[in-house]
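Reader: I am still learning how to read a structure, and I would like a close look at a single part rather than a quick tour. Please begin with the side chains that pair up, and take me through the reasoning slowly.

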Amino acid sequence: MHADTPADAEKRRGVRRMKATATGLLLLVAVVFVLAKWAQSAGAGGWTGYVAAAAEAGMVGALADWFAVTALFKRPMGLPIPHTAIIPTKKDQLGASLGDFVGENFLSQNVVRERLRSVGIAGRLGGWLAQPEHADRVTAELSTALRGALTVLRDSDVQAVVGEAITRRADAVEIAPGIGKTLEKIVADGGHRRAVDLICARAHDWLVEHGDQVMDAVQGGAPGWTPRFVDKKVGDRVYKELVRFVTEMRDMPKHPARGALDRFLADFAADLQSDTETRTRVERLKSEVLARGEVQEVIASSWASVRQMLVAASEDERSELRLRVRTGLMSLGARLASDERLRSKAEGWVEDAAAYVVTTYRAEITSLITDTVAGWDAQHTSRKIEAHIGRDLQFIRINGTVVGALAGLVIYTVATALGA
């Protein structure tokens with residue numbers, strides 16, 4: 001146990017004062033008894049018998065209660081009397097009994113459910129959250145907790161987890177059928193035609209700007225034995241045909257090449273969904289792409305961007321994240337306060353969670369009491385407890401003296417009356 005506090009010292013002084021009062025009262029009745037007996041032997045009258053009987057019984061009551069109170073904390077007069085010094089010698093048993101008492105009467109499932117049901121925690125929480133200042137406070141606390149969690153987490157650990165999770169998820173899911181369905185829908189809706197239009201337009205512009213390079217490439221691939229002017233003639237002809245072909249594809253929505261492209265994409269979409277070889281090749285390509293170091297670096301580095309975004313959003317009181325959290329909290333509070341069905345569900349969840357905790361961890365909770373008490377020093381524990389309850393216990397001694405005196409007086413009076 002911890003050392004005595006100033007409050008403990010003050011309580012101990014109060015105990016000493018009450019002990020002195022109780023002991024003084026015992027000495028007083030002892031003096032009264034002696035004087036009454038002396039007066040009785042001197043023939044002072046019958047009243048001395050009543051006073052002596054009351055004083056004698058008061059002494060007996062005071063001594064009996066002194067013994068009982070003292071026996072709680074130490075051995076009276078140091079004598080090894082059985083069942084004395086109860087707190088120092090039975091400290092561990094008392095701790096175990098206290099733990100069992102708390103477990104059976106405070107940590108039982110029925111008690112916890114009944115207490116939570118009487119409190120109406122969901123309704124109170126809803127009314128509290130519905131107020132803007134309280135929602136602001138909770139939002140600020142959540143933001144602080146989020147920043148703290150993000151600060152504690154090491155980027156390398158999170159990046160490794162994120163990268164492993166994304167890779168494992170991608171490996172576990174076959175992507176070819178999904179791509180095939182998406183492509184099939186795009187082709188059916190004609191969504192790919194704008195991409196074809198853009199490609200044709202860019203290809204035409206590129207051919208116009210790089211005509212010399214195209215002709216040089218054609219001429220460079222000609223056999224070495226053909227005349228130079230023939231190569232130039234062929235290159236010029238190929239270039240013009242390429243420009244004409246691309247121009248027609250760009251300007252003619254019904255161009256045969258466009259139709260062929262539509263059929264190719266439709267067939268490819270079907271193969272992605274049903275052809276085993278095509279699906280296997282796509283899966284192999286997916287694995288190769290995911291295994292590349294550049295891709296893994298991109299996946300891992302995504303956490304840094306997400307973390308930076310979350311920290312910035314949590315620090316900015318007007319960020320969309322905090323505004324949405326605040327609005328959500330107020331909405332939840334209003335619903336909890338007004339919706340009886342939701343409130344009942346929430347209270348049921350709270351009760352179930354609390355019941356699970358006390359049922360599953362009751363032994364661990366009560367062991368906190370027993371283990372703590374077992375770790376206390378016996379003598380110091382006795383002094384500590386006496387400082388807190390000793391003052392009230394001294395009233396037992398005082399009451400024993402008074403009640404004993406009254407009882408002795410009544411008994412003596414009855415005995416005298418019957419004898420007479």
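Author: Because Arg13 and Glu10 are three residues apart in helix 1, about one helical turn separates them, and in this predicted model their side chains meet in a salt bridge, with 2.5 Å from N to O. Arg13 has a relative accessibility of 36%, so it counts as partly exposed, and Glu10, at 39%, likewise counts as partly exposed.

A salt bridge may also join residues from two helices, as Glu351 and Arg117 do: their closest N and O atoms are 3.2 Å apart. Glu351 belongs to helix 17 (residues 340–360) and Arg117 to helix 5 (residues 109–119), so this pair ties together parts that lie 234 residues apart in sequence. The two partners also differ in their surroundings, since Glu351, with 8% relative accessibility, counts as buried, whereas Arg117, with a relative accessible area of 48%, is partly exposed. Glu351 and Arg117 do not stand alone, for together with Arg113 and Asp352 they are linked in a network of salt bridges.

Another pair to find is Asp339 and Arg335, whose closest N and O atoms are 3.9 Å apart; this still counts as a salt bridge because the cut-off is 4 Å. Asp339 is partly exposed, with a relative accessible area of 28%, and Arg335 is partly exposed too, at 45%. In total, the structure holds 17 salt bridges.

If you now return to helix 1, where we began, you can follow it to side chains of another kind. The largest nonpolar core has eight residues, namely Leu26, Val29, Phe33, Ala36, Ala52, Ala55, Met59 and Ala62, and helix 1 (6–41) and helix 2 (47–73) each supply at least two of them. Take Val29 as one member of this core: once its neighbours within four places in sequence are set aside, Val29 is in contact with Ala55, Gly58, Met59 and Thr401. Apart from this core lies another, made of seven residues, including Ala176, Val187, Leu265 and Ala269.

Leu265 and Ala269 lead us to helix 13, where they are buried along with Arg258 and Leu272. These four cover an arc of only 65° around the axis, which means that they sit on the same side of helix 13. On the face turned away from that buried side, helix 13 carries the exposed residues Pro256, Arg263, Phe264 and Ser274.

Key
Residues numbered from 1 in each chain as written. Predicted model: local features only at pLDDT ≥ 70, side-chain atom pairs only at ≥ 80, totals over all residues. Heavy atoms only, no water. Core = buried A, V, L, I, M, F, W, Y, C linked by side-chain atoms within 4.5 Å. Buried < 20%, exposed > 50% of the residue type's maximum accessible area, 1.4 Å probe, protein only. Helix = DSSP H or I, 4+ residues; strand = E, 2+ residues; numbered from the N terminus. Contact = heavy atoms within 4.5 Å. Arc of directions from axis to C-beta.
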